[in-house]
Amino acid sequence: MAYSGNDVICADVDEDNIDRLKRGEIPIYEPGLELLVKENMEQGRLRFSTGVAGAVDSADVIFIAVGTPPEEDGSADLQHVLAVAETIGRSMNGDKIVITKSTVPVGTANRVREAIESLTDHVVHVCSNPEFLKEGSAVEDFLKPDRVVLGVDSVEAARVLRDLYAPFVRTGNDILLMDIASAELTKYAANAMLAARISFMNSIAQLCEVADADVDMVRRGIGSDERIGQSFLFPGVGYGGSCFPKDVKALIRTSRDLGVEPSILQAVEETNEMQKGLILRRVIERFGSELAGHTFALWGLAFKPNTDDMREAPSLVTIEGLLERGARVVAHDPAAMEEAQRVLGDRIELRGGNYDALEGASALLIHTEWHPYRRPNFGRMLSSLTHNVVIDGRNLYSPERMGQLGFEYYSVGRRPVQPTRSVEPA
Ligand SMILES: NC(=O)c1ccc[n+]([C@@H]2O[C@H](COP(=O)([O-])OP(=O)(O)OC[C@H]3O[C@@H](n4cnc5c(N)ncnc54)[C@H](O)[C@@H]3O)[C@@H](O)[C@H]2O)c1
C-alpha cells in the first residue's frame, strides 16, 4: 500500500518485531520484502509502531491483519480480531473504514462492526478484503494479484477500496465486489479447494503405489485437461503452513455450526494427516521401528520452499517420530535454520551445508522442494550416506536414474527402486 503512494503505519503489539522493523530488519524470510520496506521507509511513507490506538487515530482506512489461530474445536480464534476492534472503537475520532484482512469466518465483519459501534458514535464502514498472497511470493502476489475480492455493504467503502486497489489491477485483473458474507467464504473456499487438490493427488498416489502405476504419468495425463489444469497436482508429504490446516479446520467448524455436513472437507483433512506420516512410515518399513543407533538427514524443514515458516510443517511429524524411536536427526534448510532452532532447540542438529547433514546418515529424507536440492551432487551424497537410501517426499529425482546411480530410492506414488549398480556405502 505504501509502494503505491499511501501513507502507511503498521501497528503490532509485538515490541520485538516492531523494533526490528524500525531498524529495517524483516523478522521473517520473504523474498523482496526487505527492499520494499526499506525503500518506503526512506521515502517516509511507511512507519512502524506499537501504539495501536495512535495508529487508528491517524488513519482513514484500517486493515485488521492479526492472527486467527485455530481453537481446540477447530474454529478460528477471534480474540485478536475482536481486541483490535475494541481498540478501534475506543480510538475513533472521525468516520473510518475498517477492513478485515485476516482470514475470518463468515459473520465476523458484522461482529467487528458491532464491537466498534458499541464504543463510538462515529460512522464506521466494515468491509471484508481477504488476502490471497502466498508465502514465498507474497510481494509479487500482492502487487500483481490474480483478483481482489472486496466484500462491502456501502457505496462509500466500495469507492475508497476500489481507489486503493486500482494501482494493482491496471492490467485488467478483476476487482470483485460482493456482499460481505460471500467475500468471507471465498477465502476459505479457495484454500479448501487447494487443500482438496493436494489430498486428492495424495490419495491417487497411494492408489498408484498398490496398482504399480506412476503418479507422475497420471498427473500429466489429467493436468493437460484444461478443465483440470497443471497446478497443485503434485503429490507429496501433505500440506502444512499457517493457512491450509487451520482454514480447512475452521471451514469444517463453520459448516457444522450452520448444519451442513462437511464430508469432503473432513476427508481432505484426514487424508492430509495420514500423508504427513508418510516419510516416518517409510523409514520404519525400511529400518524397523527401533531406530536407536541410526542417524537420519533431513533436507528441508519449512512447510514449503522460499519461506522459513515451519507452522504445521510435515517435517515436524517425521522429526518427532524419529526422536521418539531413538534416532539422531541432522537437518538442513536454506532459510528455516533459525526458526528450527527456536522450535526444536537442541533436539536435532542443524548443519549450514546440505551435504554436511548427510555425514554418517543411514538415509536422506527430503521434505521440502527447495531449488538447491533439485540437481544435487549425487556422488557426494553416495560418499556420505551409510546405506545409500533416499526417501523423497517431493519426487525430485527420476527413480530410474537413482537406481542406476546406486541409490535405494523411495518417492511418492512411484515404484520404489533398488540400486542397479553396487556402490560401497560410506
Ligand atoms: N501468512 C499467510 O500467508 C497468509 C495469507 C493470507 C491470509 N493470512 C491471514 O492473515 C492473518 C495473519 O496471518 P499471519 O501469518 O501474518 O499471522 P502471524 O501470527 O504471523 O501475525 C499476526 C500478528 O498480529 C499481531 N497481533 C496480535 N494481536 C494484536 C493486537 N491486538 N493488536 C495489534 N497486533 C496484534 C501479532 O503480534 C502478530 O505479529 C491470519 O488470519 C491468516 O489466516 C495469512
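Okay, let's start with one residue: F232 is partly exposed, at a relative accessible area of 31%. That puts F232 between the two cut-offs, because buried means under 20% and exposed means over 50%. Before I go on, keep in mind that what's on the screen is a predicted model.

So what else is there to say about F232? Its phi is positive, about 60°, even though F232 isn't a glycine. If you want to find it, look in the loop between α9, residues 215-223, and α10.

There's another residue of this kind, N306. Phi there is near 65°, again positive and again in a residue other than glycine. N306 sits in the loop that runs between β8, residues 295-299, and α13, residues 314-324. Buried or exposed, or something in between, for N306? It's partly exposed, with 34% relative accessibility.

Now, back to α10, which came up with F232. This helix covers residues 244-257, so 14 residues, and from the first C-alpha to the last it reaches 20 Å. At 1.5 Å a residue you'd expect 20 Å, and the helix comes out close to that.

How much of α10 is covered? Mostly, it is: 10 of the 14 residues are buried. Among them are F244 and P245 at the start, then V248, A250, L251 and I252. If you're thinking about charged side chains, note that K246 and D247 are on the buried list as well, and so are T254 and S255. And what does the covering? That includes α8, residues 180-211, and α11, residues 263-275. After α10 comes G259, which has a positive phi too, near 80°.

Okay, let's zoom out to the whole chain. We have 16 helices and 13 strands. The C-alpha trace spans about 80 × 45 × 40 Å along its principal axes. The radius of gyration is 24 Å, and that agrees with a compact globule, because one with 426 residues would come out near 22 Å.

Inside, buried residues account for 50% of the 426. Take the contacts between residues at least 6 apart in sequence: 70% of these join residues at least 24 apart.

Last, the surface and the charges. The chain exposes about 20,200 Å², with carbon and sulfur atoms supplying 50% of that. On the charge side, I count 45 positive and 64 negative side chains, and the centres of those two sets are 5 Å apart.

That's my tour, thanks.

Notes
Residues are numbered from 1 along each chain as its sequence is written. Side-chain values use heavy atoms; hydrogens and water are left out. Helices (H or I, at least four residues) and strands (E, at least two) are DSSP runs, numbered from the N terminus. The radius of gyration is taken over C-alpha atoms; the globule rule is 2.2 Å times the number of residues to the power 0.38. Buried means under 20% relative accessible area, exposed over 50%, partly exposed in between (1.4 Å probe, protein chains only). Contact means heavy atoms within 4.5 Å. Accessible areas come from the Shrake-Rupley method with a 1.4 Å probe; for residues, only the protein chains shown count as cover. Lys and Arg count as positive and Asp and Glu as negative; His and the chain ends are not counted. The place of a charge is taken as NZ of Lys, CZ of Arg, CG of Asp or CD of Glu. The expected span of a helix is 1.5 Å times one less than its number of residues.
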